[in-house]
Amino acid sequence: MTGPVLTAVLGTDPVVWVAVGLALVGVLGTLVPLVPGALLSLGGVYLYWWSTGYSDPGTLFIIFTVILTIMALLLDWFSGAITAKMGGASNKTSFMAGIAGIFGFIFLGGPVGVIIAVGGTVFLREYMKTGNARDARKAGIYSAIGVFASAFMQAAITITIFIGFLLALVF
């Protein structure tokens with residue numbers, strides 16, 4: 001869209017632009033660990049809702065958005081641990097993998113670094129603990145897939161919120 005088209009759709013109210021910007025940053029934030037993407041998207045929706053005196057978008061849309069945000073947060077917080085556990089990893093290993101994911105993001109770069117760090121940590125920890133390479137590999141693969149799937153689902157949820165928000169602005 002070009003500038004005049006965006007202005008025609010969103011108007012000139014700076015609060016609307018900030019709200020849409022927050023919702024868009026929320027979508028991008030789901031791809032970056034430690035950035036609360038879903039909460040940023042919800043913040044954009046709430047900012048707009050507040051600016052309209054809590055009249056637009058409607059209460060049903062707000063409830064739907066809150067439910068989606070809670071789903072995204074639960075995915076973010078628990079998917080890695082759940083999938084690592086499904087793969088046979090211990091709770092301590094899952095915790096260590098969460099810490100490793102932060103370092104993987106910083107030192108290996110972005111989401112790929114997180115997946116490598118989490119999967120590698122689970123594999124190494126479980127192999128050191130049990131000596132069974134097959135089971136350790138299974139746990140590592142499960143946890144890496146869990147991190148990737150979680151990021152994908154969070155992105156899908158925040159994209160849904162963003163598109164719904166844009167549609168609520170237009171209609």
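**Helix packing and residue environments**

In this predicted model, I106 lies in helix 5, which spans residues 91-130. The relative accessibility of I106 is 53%, so this residue counts as exposed, the cut-off for that class being over 50%. A separation of 24 Å lies between the C-alpha atoms of I106 and A23, two residues that are 83 positions apart along the chain.

A23 belongs to the set of helix 2 residues that meet helix 6. Helix 2 comprises residues 14-29 and helix 6 residues 133-170; the two pack with their axes 8 Å apart and at an angle of about 160 degrees. Helix 2 is therefore roughly antiparallel to helix 6, since angles over 145 degrees fall in that class. The crossing of helix 2 with helix 6 is left-handed. On the helix 2 side, the contact is formed by V16, A19, V20, A23, L24, G26 and V27, and on the helix 6 side by T158, I159, F162, F165, L166 and L169. Of the residues in this contact, 11 are nonpolar and 2 are polar, while none is charged.

T65 is located in helix 4, which runs over residues 59-86. With a relative accessible area of 1%, T65 is buried, because the limit for burial is under 20%. When neighbours within four places in sequence are left aside, the residues in contact with T65 are L42, V45 and I161. T65 is thus a buried residue of the model, whereas I106 is an exposed one.

Definitions and conventions:
Residues numbered from 1 in each chain as written. Predicted model: local features only at pLDDT ≥ 70, side-chain atom pairs only at ≥ 80, totals over all residues. Heavy atoms only, no water. Axes fitted to C-alpha atoms, helices over the stretch in contact; angles between N-to-C directions. Helix = DSSP H or I, 4+ residues; strand = E, 2+ residues; numbered from the N terminus. Parallel < 35°, antiparallel > 145°, perpendicular 65-115°, else oblique. Left-handed = near helix turned anticlockwise from the far one by under 90°. Contact = heavy atoms within 4.5 Å. Nonpolar A, V, L, I, M, F, W, Y, C, P; charged D, E, K, R; others polar. Buried < 20%, exposed > 50% of the residue type's maximum accessible area, 1.4 Å probe, protein only.
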